[in-house]
Structure formats: C-alpha cells, structure tokens
Amino acid sequence: MPPKKADIPCGNPLLLSWIQEWMELARAQNSKTYHTYRKAYLSMSKYPLPFNHPREATQLEGIGPGIVSKLEKKMKEYCEKNDLPLPQEADPKPAKRMTKGKDSSGSEDVENPPKPRKRRTKPYVPQYRSGAYALLLGLLSGHDNAITQGFMSKEALTKEAQAYCDTSFTVPLPGKHYTSWSSMKTLIDKDLVYKQGNPGRYILTESGLTLAHQLSQAKTDVASDSESVISRISCTSMTEPVPSIYPTRMGAIQRTDSTLSEASSIGSGDALFPAIQPIQLPPGSFEIVMILDNREVAQKSDRGYIQKELERRGVPVHTRNLELGDVLWVARQLNCGGSEEEIFLGYVVERKRMDDLVASIKDGRFKEQKFRLKNCGASQIVYLVEGNEADGTRAFGGSTAIQTAISSTQVVDGFFLKKTDSVDESINYLSRMTRQLQSMYTESVLHVIPDSLVNKATYLALREHLAGLEPGKEFHITYGSYCQLNSKSGSLSLQDLFIKMLVTTRGITAEKAYEIAKRYPTPKSLFDAYDSLDSEEAKKHMLKDNARAVRRKNIGAALSERLYRVWCSTNYE
C-alpha cells in the first residue's frame with residue numbers, strides 16, 4: 001500500500017483564519033453565504049504559496065472581488081492594531097493557477113507555464129433575454145423566500161424564468177438539441193450559481209446575487225436592445241454595493257416595468273410578483289356548483305344518501321375525489337363547448353363525525369389536517385362537527401380532550417365551527433350555504449388568477465399581495481390549481497417532507513415542526529448543527545435554545561432531548 005501523501009500546509013494561515021471565521025458565523029446564522037465561504041476556505045487551505053497582498057487571492061477558485069474586499073479591510077484593521085506596515089501589492093502579473101496534472105517527471109500539482117499577457121476581459125454579462133439572463137432573474141425572485149431559503153428546484157426555476165427568456169427551457173429550437181436550460185452549466189462554472197443535492201436545487205452565490213441585482217436594475221432602462229444592458233453593467237464595478245430592490249416594509253411597492261410592476265414584502269419573507277392581468281368572468285357566464293368528496297357517506301349501506309338528499313333540495317352537486325376538504329364550491333363556466341372551466345370560490349368544509357374526530361385526535365391526523373387546511377389557499381374554512389358530544393366522550397374516555405380540540409379549532413386556528421346533531425341537519429346547513437353563495441356570486445364579476453402564476457411556494461404570499469393592492473376585490477384560482485396546491489403526491493419539497501417527518505414525534509405539533517424547519521430546512525442541516533456542538537448536553541438542549549418561537553410553539557428541554565435521541569441515537573427506546 002503506497003504511503004499516504006502528506007497534506008500541503010496553507011501558505012496564508014492568517015487569511016485562512018479570517019475566511020474560517022466568516023464561514024462559521026454564516027453557518028451559525030444559517031446563512032446562504034456559508035457555501036460561498038466554504039468554497040473559498042477549501043481553495044485557500046490547499047494553496048501552499050504566500051501572498052504579498054490579499055488581492056492576489058483572486059487567482060484562487062471561489063474567491064472573488066467581494067471576499068477580497070473583506071480580506072483587505074480585515075488586513076488593514078490587523079496592521080493598525082499591531083502597528084505593522086500595510087502590505088504592498090506586487091506588480092500585476094498574469095495569475096498562475098495551480099492545476100491538477102503531471103509534468104514530464106510524473107510529479108503532480110505543477111504550475112501552468114507563463115502565458116502571454118492578455119487584454120483585460122470584461123466581466124461576464126449574459127445577453128439580454130437569454131437563458132442565463134432569465135435564470136439569474138428567476139433565482140433572484142425566489143432568493144428571499146423564507147420557506148425555501150432561497151433554493152429553487154429546476155421545475156420551479158424554469159417556470160419563474162420563462163417570462164424573462166425569448167426561447168423555451170423545455171423545447172429545443174428547430175435543428176438544435178439543447179434548450180435554454182443548458183445555460184445553467186455556464187452560471188455554475190462561473191461561480192454565479194450554486195447547485196445542491198440530486199435532484200438539484202439552485203441558489204445564487206454572492207457574486208451571482210450582485211450580478212442579478214444589476215440586471216434587474218438595468219432592465220428598467222431597456223427598451224428592446226441588449227446593448228444598453230451590457231454597457232450599463234460593464235461600467236459598474238462588481239464590488240460596488242447594490243441597493244436591494246426589495247421593499248423594507250409590509251405592502252411597499254416599487255415600480256419597475258410592464259413585466260415586473262409591483263414588489264411587496266409579505267409574510268415572513270419578501271416576494272417579487274409579476275403584473276397580473278386576471279381573467280374576468282362576467283355575471284351569467286357561470287353557475288355555482290357544490291363539489292362533494294365521493295368518500296363522504298352517511299352509512300355504508302347507502303353511500304349516495306348525502307348526494308341524493310342535496311339534489312332533492314335543489315342543490316347542484318357533483319362528486320369526485322377531493323385532495324383536501326370534504327365539500328367545496330366552484331363556479332362552472334357555461335356554454336364552453338364541453339370544456340367548462342371551474343373556478344374555486346375559496347370556501348371549504350371539513351366534515352367530522354364525532355367518532356372520526358375522536359379517532360383523528362388519537363392518531364394525530366387532527367393536527368396534520370388542520371395544518372394543511374390553514375395553508376390550502378381557501379379564504380373561508382368551515383369545520384363541521386356532526387354528532388352528539390356524549391358519544392365522543394364515551395369513545396375517548398372523557399370530554400376534556402374533545403372540548404379542547406374544538407376550542408383550539410376556533411380560537412387558535414381561526415376556523416368557523418358549526419355543530420350539528422345528525423347528517424340530515426348537516427345536509428340542511430350545506431344547502432343553505434349553497435344558496436347563500438349563489439346569491440353572493442351570481443351577479444358578480446369573478447377575477448381569476450392565471451394558472452401560470454399559481455405556485456405552491458408563493459401562492460399565499462401572492463394572495464396577500466393582491467389583497468393589499470386592491471382590498472375591495474376578491475381573486476380566485478381555478479379548481480385545477482387548487483388541486484395542484486394541495487396534492488399530497490404533488491411537488492412536495494424536501495422541507496415539506498422534513499416537516500411531515502418531524503410531526504411523527506410525540507409532542508411535535510405542526511407549528512413546532514414548522515418553526516424547527518425554518519431554522520433547519522433539511523435533515524442534513526439538522527445533523528450538521530448537532531455535529532458542530534462538542535458536548536452531549538449542548539446537543540440535547542440545542543433545539544430548546546435555537547428554535548424558540550412565540551406562545552404555543554416553544555420547544556422545552558424534554559422535547560429537545562427527545563428529538564435529539566430520535567434523530568441521533570443508534571438505539572432509541
């Protein structure tokens with residue numbers, strides 16, 4: 001077995017220590033810049049030759065003008081503190097990068113031979129409305145999303161970026177075998193985009209974020225030619241600070257152009273939304289129809305009882321398998337030649353028989369269903385509890401848990417709670433609710449958000465954004481978009497899957513799982529956080545100290561220790 005090759009010592013330990021300090025700080029703050037500093041740290045640690053000036057570090061992979069600027073500032077403070085002269089930069093020479101290879105003698109890690117001095121190249125700027133241009137702006141629009149931590153999947157990114165590109169990300173041009181997505185390789189090679197995992201998730205690096213901000217600012221001055229974009233950015237130093245295009249307070253609006261006309265800060269993260277031209281359905285062009293889940297039955301011997309009774313009362317009702325909820329209402333277009341579009345009106349009813357309510361409380365489905373309902377995109381959620389509470393008390397062994405569950409549904413979750421004694425009383429309530437919705441919407445104009453703008457990660461923020469712009473107007477989505485938003489098997493992100501894993505632990509509610517996932521978006525980030533701590537005691541109390549939220553979402557010491565044992569112990573009892 002050949003002897004292990006000795007590690008080459010770093011030639012610039014002082015610069016390396018500063019980069020390590022920034023890297024550890026970014027990891028402790030769960031910042032996206034951690035990956036940038038880590039790449040710079042690894043590159044610096046492998047370089048054996050000393051630098052005369054921090055600016056010479058730009059020849060290393062992963063170290064750009066931004067990090068060099070911070071190193072120069074740190075070096076100045078260090079020299080002033082220790083009464084040392086500032087290092088002088090040597091005469092500029094063509095940068096020599098260490099390359100993996102072998103010379104004629106067979107040794108590795110040789111320097112490239114000096115090359116003729118080349119003319120200074122301009123900074124990389126993608127062509128206007130090219131694939132790379134669109135991908136940078138698409139990643140910028142999702143950069144400050146608190147839910148995804150700035151990462152975007154290929155599917156979400158291409159959907160967002162298509163508006164900024166003249167060619168398709170999915171269909172190649174005639175005679176070509178590649179699409180605009182091939183530009184992603186260029187962005188990764190130029191250290192403008194970082195790719196994580198497989199299937200990949202993409203995020204802007206520090207230099208990529210700077211370039212994307214400059215593209216967004218330059219876009220406001222562009223009419224149709226791309227030369228103005230290139231001249232605008234080429235004359236701007238990549239190291240100059242770029243003011244954020246995101247507003248600083250709730251509801252703020254910044255005007256750009258006809259494609260991106262409003263930006264608003266909503267919820268827990270900022271979101272940038274395109275100008276929306278809603279589809280309008282005039283009065284008389286649609287009818288209000290109830291959609292009933294085909295699994296809703298009064299009794300096994302008569303599975304169609306509820307539908308037949310509703311139809312007997314004159315309620316237009318259709319049954320199908322609903323992704324979420326037991327009853328909802330749609331506006332169905334008329335006279336469309338057999339391809340009627342259905343518009344979701346925003347009202348959802350979750351029907352619970354008392355025995356089903358007790359069973360869902362016992363097995364944990366109760367909290368998980370409420371969490372999904374709160375995030376389903378409905379404007380009004382009705383929780384219909386059917387049956388005598390005494391029956392549930394006997395099944396549960398006490399009334400306290402049932403009363404607590406019902407009260408929390410009203411007070412904490414904000415649902416409208418309706419109690420009925422029998423299935424017939426529930427049917428009467430649903431028929432009255434249908435007539436009320438018919439009177440509300442039949443003579444109204446419906447404003448529908450196009451399907452292309454409905455995204456699971458940003459829809460709730462988009463709805464709040466529109467409500468802030470036009471408070472008196474109600475915006476709807478199609479029934480197909482509603483199903484896509486709430487599909488269990490649909491585009492489930494890694495963070496969503498992580499939340500579902502967390503709630504299986506006793507004592508972890510959906511709210512607590514969400515708070516944990518906001519700080520540690522993936523299982524890997526949770527494991528990395530545990531590994532960064534030295535003592536066993538610190539690991540047991542990590543979530544108690546770092547995932548603290550408000551009111552009912554706090555994580556105690558016992559629960560923090562339980563999660564540590566579940567995720568990190570080899571033997572869990």
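# Exercises on charged pairs and cysteines

In this predicted model, Asp-528 and Lys-524 form a salt bridge whose closest N and O atoms are 2.9 Å apart.

**Exercise 1.** Place the Asp-528 and Lys-524 pair in the secondary structure and classify the exposure of each residue.

Solution.
- Step 1. Helix α19, residues 523–531, contains both Asp-528 and Lys-524.
- Step 2. The two residues are 4 apart, which is about one turn of the helix.
- Step 3. Asp-528 has a relative accessible area of 30%. Partly exposed covers the range between 20% and 50%, so Asp-528 is partly exposed.
- Step 4. Lys-524 has a relative accessible area of 57% and is therefore exposed.

**Exercise 2.** Name the residues that salt bridges with shared partners join into one network.

Solution.
- Step 1. The network consists of Glu-309, Arg-312 and Arg-313.
- Step 2. The total for the structure is 21 salt bridges.

**Exercise 3.** Test the side chains of Lys-185 and Asp-189 for a salt bridge, then describe their setting.

Solution.
- Step 1. The N to O distance is 3.0 Å. The cut-off is 4 Å, so the pair counts as a salt bridge.
- Step 2. Both residues belong to helix α6, residues 183–189. Because Lys-185 and Asp-189 are 4 residues apart there, about one helical turn separates them.
- Step 3. Lys-185 is exposed at 58% relative accessible area, and Asp-189 is exposed at 55%.

**Exercise 4.** Determine which strands are linked by the salt bridge between Arg-320 and Glu-342, and whether each residue is buried or partly exposed.

Solution.
- Step 1. The side chains of Arg-320 and Glu-342 meet at 2.8 Å, N to O.
- Step 2. This pair links distant parts of the chain: Arg-320 is in strand β10, residues 317–320, and Glu-342 is in strand β12, residues 342–353. The residues are 22 apart.
- Step 3. Arg-320 has 21% relative accessibility and counts as partly exposed.
- Step 4. Glu-342 has 9% relative accessibility. Buried means under 20%, so Glu-342 is buried.

**Exercise 5.** State how many disulfides the model has, and classify Cys-79 and Cys-165 as buried or exposed.

Solution.
- Step 1. A disulfide is a covalent bond between the sulfur atoms of two cysteines. The test applied is a pair of cysteine sulfur atoms within 2.5 Å.
- Step 2. By this rule the model has 0 disulfides.
- Step 3. Cys-79 is buried, at 5% relative accessible area.
- Step 4. Cys-165 is also buried, with relative accessibility of 5%.

Methods: Residues are numbered from 1 along each chain as its sequence is written. This is a predicted model: local features need pLDDT of at least 70, side-chain atom pairs count only at pLDDT 80 or more; totals for chains, interfaces and linings use all residues. Side-chain values use heavy atoms; hydrogens and water are left out. Buried means under 20% relative accessible area, exposed over 50%, partly exposed in between (1.4 Å probe, protein chains only).
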